[in-house]
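Please read this model from its least certain stretch inward to its core. Keep the sequence and the structure side by side.

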Amino acid sequence: LHCRNRGQAINQVSASRQKHTLPDLTYDYGALEPHICAEIMQLHHSKHHATYVNNLNVTEEKYKEALAKGDVTAQVALQPALKFNGGGHINHTIFWTNLSPNGGGEPQGELMEAIKRDFGSFQTMKEKMSAATVAVQGSGWGWLGYDKDGGRLRIAACANQDPLQGTTGLIPLLGIDVWEHAYYLQYKNVRPDYVKAIWNAINWDNVSERLQAAKM
């Protein structure tokens, strides 16, 4: 499958009701092969991420109605759906930009210096993040995040679609999705092979830009 996602760059809210929209990819579904196959990318982006976006819009509409009615019980009941679908949208929007057909290798400049300062070496960071990501029980994400208060990089893992910043306070720089839909068609149940391979597609320029923005 080499589907081109030709849609308008839509990482913005619509004018009508500020609905969330599925962000366009800047590369073809097959562009990350052999590390992530085209079929996975197509399903992951056009089906899974799209579902989070749709469900988030539905949930926010219900939440707005509950607010208008002053129905606190309904607002509380909607919180899990907001967290799950909102987190799914946030996480995947970051994930697509963290990947690139020209990715891999090692970061440069300030990001590399921060990694060396906080982990000793790039290889140590990579090993620690890989281990934390592979160890996620069930579905979830492994993250490299920025602790703004401490001014340091930290590794964390989140369950399900829990968004990193909303649940830990860390600003997300690099995320690795370890839901089975992210790798099973290609790597079956061997999650470590997928995590090892995805480092070859990491867009370090994007991660560096996120660090710069996080420090502002």
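Over residues 1-16, pLDDT (the predictor's confidence in each residue, from 0 to 100) stays under 50. The model has 29 contacts beyond four places in sequence for this stretch; contact means heavy atoms within 4.5 Å. Where pLDDT is low, the predicted coordinates should not be read in detail. The protein's mean pLDDT is 92, and 92% of its residues reach 70 or more.

This is a predicted model, so local features need pLDDT of at least 70 and side-chain atom pairs count only at pLDDT 80 or more, while totals for chains, interfaces and linings use all residues. Residues are numbered from 1 along each chain as its sequence is written, and side-chain values use heavy atoms, with hydrogens and water left out.

UniProt, in an unreviewed entry, lists residues 19-100 as "domain: Manganese/iron superoxide dismutase N-terminal". Its positions are given here in the numbering used for the model, with feature names shortened, and annotations may be inferred rather than shown by experiment. That span is 72% helix and 0% strand. Its end C-alpha atoms lie 27 Å apart. Helices (H or I, at least four residues) and strands (E, at least two) are DSSP runs, numbered from the N terminus.

What ties helix α1 to helix α2? Tyr52 lies in α1 (residues 38-69) and Phe84 in α2 (residues 72-98), so their aromatic pair links parts that are 32 residues apart in sequence. Rings of Phe, Tyr and Trp (its six-membered ring) pair if their centres lie within 6.5 Å; planes under 30 degrees apart count as stacked, over 60 as edge-to-face and the rest as tilted. The pair of Tyr52 and Phe84 is edge-to-face, at 5.6 Å centre to centre and 70° between the planes. Tyr52 is buried, with a relative accessible area of 6%. Phe84 is partly exposed, at 31%. Buried means under 20% relative accessible area, exposed over 50%, partly exposed in between (1.4 Å probe, protein chains only).

The same UniProt source lists residues 107-210 as "domain: Manganese/iron superoxide dismutase C-terminal", also in an unreviewed entry. Here the chain is 46% helix and 22% strand. The end C-alpha atoms are 13 Å apart.

Now the strands. Two strands pair if DSSP finds at least two bridges between them. Strand β1 (residues 140-147) runs antiparallel to β2 (residues 152-159), joined by eight bridges. Four residues lie between these strands in their hairpin, where Gly151 takes a positive phi near 65°. β1 also pairs with β3, antiparallel, over six bridges. Trp141 has a bridge partner in each neighbour: Cys158 in β2 and Asp177 in β3. Eight of the eight residues of β1 are buried, so this strand is largely enclosed by the rest of the structure. Strand β3 (residues 171-177) has seven of seven buried, so the rest of the structure largely encloses β3 too. Trp141 and Trp143 point one way from β1, with Gly145 and Asp147. These two tryptophans form one aromatic cluster with Phe95 and Trp96.

Finally, the core. A nonpolar core is a set of buried Ala, Val, Leu, Ile, Met, Phe, Trp, Tyr and Cys residues joined through side-chain atoms within 4.5 Å. The largest one has 52 residues; Leu99, Met125, Leu153, Tyr194, Trp199 and Trp204 touch the most other members. Helix α3 (residues 109-119) gives the most to this core, with five residues. Trp204 touches, among others, Leu111, Phe122, Met125 and Trp199.
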